[in-house]
Structures are given as C-alpha cells and as structure tokens.
Amino acid sequence: MKEEIKKNVYEIIKEIDISISEEKIISSKNLISDLGFDSLKMISFIVAIENKFKIEFDDDDLDITKLDSLENVLCIIENKCELRDEMQ
C-alpha cells in the first residue's frame, strides 16, 4: 500500500508543478526548500491528496512542521487510509 501511496503522491506533485522531475521528488527531504512549494502549492497539494485518497486532514495535521517532509506526508496519508478502511 505504501508504494501505491508514494506513486500517487509523486503524480500529484508533478501535476502541481510539471517542472519537478521524479528524481528531484525522490531525493527531496523538504517540500518547501527542496521542491519550492509555497503556501498556494501546499494548499493545492493537500486538497489533491484529500480528493485522491478520500481522506481529510485534521487541523493538527496541517501544522507545517508535520507537512514539511515527504516522508511525514506519506505517513499521515497511510495512517488516514488505514483508519478510513477500518471504519468501512
């Protein structure tokens, strides 16, 4: 499941900014400094994730320190998907 989530998140990032290569995404540690995400791109990113995975970020999840790294975002998505699936 994690690989599928990662693949979908990479696609979302490339949709938000087509100039970002997959190699740059893979090597990035920080969405803001490495990929150049500003506040508008972050909002687009979050909305696209919520729509793609049918999840909703809580206010606590929207703390920029939790969303700054791709690894943190992937963990949040994975946890939310697991909770969503358990509720069904």
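Good morning. A search of the whole structure, which is a predicted model, finds 1 aromatic pair. The partners are F37 and F45, and because their planes stand at 85°, with ring centres 5.5 Å apart, the pair is edge-to-face. F37 counts as buried at 3% relative accessibility, and F45 counts as buried at 1%.

F45 leads us to helix 3, which spans residues 39-53. This helix has 15 residues and reaches 21 Å from its first C-alpha to its last, close to the 21 Å expected at 1.5 Å a residue. Which of its residues are buried? They are M42, F45, I46, I49 and F53. These residues cover an arc of only 95° around the axis, so they sit on the same side of helix 3. In general, residues three or four places apart in an α-helix point the same way, because there are 3.6 residues a turn. On the other side of helix 3, L40, I43 and N51 are exposed. The cover over the buried residues includes helix 1 (2-16), helix 4 (64-67) and helix 5 (70-87).

Let me turn to the two ends of this helix. At its start, a side-chain oxygen of D38 comes to within 3.2 Å of the backbone nitrogen of L40. Just after helix 3, K54 adopts a positive phi of about 55°.

Ahead of helix 3, in the loop that follows helix 2 (22-27), we find N30. A polar atom of the N30 side chain lies 2.7 Å from the backbone nitrogen of I32. Leaving aside residues up to four places away in sequence, N30 touches L35, D68 and S69.

I come now to the charged side chains, for which the count is 8 salt bridges. One of them joins D58 and K80, at 2.9 Å from N to O. This pair links distant parts of the chain, with D58 in the loop between helix 3 and helix 4, K80 in helix 5, and their positions 22 residues apart. D58 is partly exposed, with a relative accessible area of 42%, whereas K80 is buried, at 15%.

K80 also forms a salt bridge with D61, their closest N and O atoms being 2.8 Å apart. Because D61 belongs to the loop between helix 3 and helix 4 and K80 to helix 5, this pair ties together parts 19 residues apart in sequence. D61 counts as buried, at 12% relative accessibility. Through shared partners, salt bridges join D58, D61 and K80 into one network.

Within helix 1, finally, E11 forms a salt bridge with K7, the closest N and O atoms being 3.5 Å apart. The two are 4 residues apart, and therefore separated by about one helical turn. E11 is partly exposed, with a relative accessible area of 33%. Thank you.

Methods. Residues numbered from 1 in each chain as written. Predicted model: local features only at pLDDT ≥ 70, side-chain atom pairs only at ≥ 80, totals over all residues. Heavy atoms only, no water. Expected span 1.5 Å × (residues − 1). Buried < 20%, exposed > 50% of the residue type's maximum accessible area, 1.4 Å probe, protein only. Arc of directions from axis to C-beta. Contact = heavy atoms within 4.5 Å. Polar contact = N/O pair within 3.5 Å; in protein donor to acceptor, adjacent residues only side chain to side chain. Phe/Tyr/Trp six-rings, centres within 6.5 Å; stacked < 30°, edge-to-face > 60°. Salt bridge = Lys/Arg side-chain N within 4 Å of Asp/Glu carboxyl O.
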